[in-house]
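Here is a short tour to read with the model open beside you. We will begin in the interior and then turn to a pair of ring-and-charge arrangements.

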Amino acid sequence: MASAIEILQHAKALLERPDRWCQGARARDIEGAPVSPYSPRARSFCILGALERGSAAHEWDMDALREAHALVRNVVYEWYPGVRLLCVWNDAPHRHRLDVLDVLTRAIELAGAHTGKEEAHVQA
C-alpha cells in the first residue's frame, strides 16, 4: 500500500517540468483539452489532479490520498489565509507553478515528520 508521502512525492515529480502544471482543469491533454487525471492522455495537472495521478501510480490507496490531500490543504490554509478550496487556490490568476511546488515540498516535509521517513526521489 502507498503512503501519503509517496503520493506527494509523485505529485511533485509530475509538476517539476513547467509544461506539466495546468489551471482550470484537474488534467489536460497535449492539446490543452480537459481530461481525467487518470487518463493516459493526461499531460498536465493541477495540484489535485497530480495527487490523484499519484494515487493511481501507487495502487489507488484512497486513505493515503486523503491524507496527502489533507496535508496539502493544511499547508495552503496556513500560508494563504482565507483560501477554502484547493482548486480555487491552484486556479488563481496570480498563482505560479513554483507556489504549487513549494506547497508540495512543505507537505512532504510534514508527512516525513509524521511518519519518520526521509524524502526519497521519485521518478514521474
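Which residues of the largest nonpolar core touch the most other members? In this predicted model, they are Leu8, Leu15, Ile47, Leu51, Val72 and Leu104, out of 34 residues in that core. Helices H1 (4-15), H2 (47-57), H3 (62-79), H4 (86-91) and H5 (97-115) each contribute at least two residues to this core.

Leu51 is a good place to pause. Setting aside neighbours within four places in sequence, Leu51 is in contact with Ile7, Leu8, Ala11, Leu65, Ala68, His69, Val72 and Leu104. Leu8, Val72 and Leu104 also appear among the core residues that touch the most other members.

How far can you trust what you see? The mean pLDDT of the chain is 89, with 87% of residues reaching 70 or more. Please take care with residues 118-124, where pLDDT stays under 50. For that stretch the model has twelve contacts beyond four places in sequence.

Now for the aromatic side chains. The structure holds one aromatic pair, and arginines also lie over the faces of Tyr77 and Tyr80.

| Arginine | Ring beneath | Distance to ring centre |
|---|---|---|
| Arg84 | Tyr77 | 5.0 Å |
| Arg95 | Tyr80 | 4.8 Å |

Let us take Arg95, in the loop between H4 and H5. Is Arg95 buried or exposed? With a relative accessible area of 7%, under the 20% cut-off, Arg95 counts as buried. A polar atom of the Arg95 side chain lies 2.8 Å from the backbone oxygen of Trp89, and a polar contact of 3.3 Å joins the side chains of Arg95 and Asp99. Beyond four places in sequence, Arg95 is in contact with Trp21, Gln23, Tyr80, Trp89, Asn90 and Val100. Tyr80, the ring under Arg95, is thus also found in that contact list.

Tyr77 belongs to helix H3. Its relative accessible area is 26%, so Tyr77 is classed as partly exposed. Arg84 is linked to Tyr77 in two ways: Arg84 lies over the face of the ring, and the backbone oxygen of Arg84 lies 2.7 Å from a polar atom of the Tyr77 side chain. Not counting residues up to four places away in sequence, Tyr77 touches Val83, Arg84 and Leu85.

One last distance to try in your viewer: Tyr77 and Trp89, twelve residues apart in sequence, are 9.7 Å apart in space from C-alpha to C-alpha.

Technical notes
Residues numbered from 1 in each chain as written. Predicted model: local features only at pLDDT ≥ 70, side-chain atom pairs only at ≥ 80, totals over all residues. Heavy atoms only, no water. pLDDT = per-residue confidence, 0-100. Contact = heavy atoms within 4.5 Å. Core = buried A, V, L, I, M, F, W, Y, C linked by side-chain atoms within 4.5 Å. Buried < 20%, exposed > 50% of the residue type's maximum accessible area, 1.4 Å probe, protein only. Helix = DSSP H or I, 4+ residues; strand = E, 2+ residues; numbered from the N terminus. Phe/Tyr/Trp six-rings, centres within 6.5 Å; stacked < 30°, edge-to-face > 60°. Lys NZ or Arg CZ within 6 Å of the ring centre and 35° of its normal. Polar contact = N/O pair within 3.5 Å; in protein donor to acceptor, adjacent residues only side chain to side chain.
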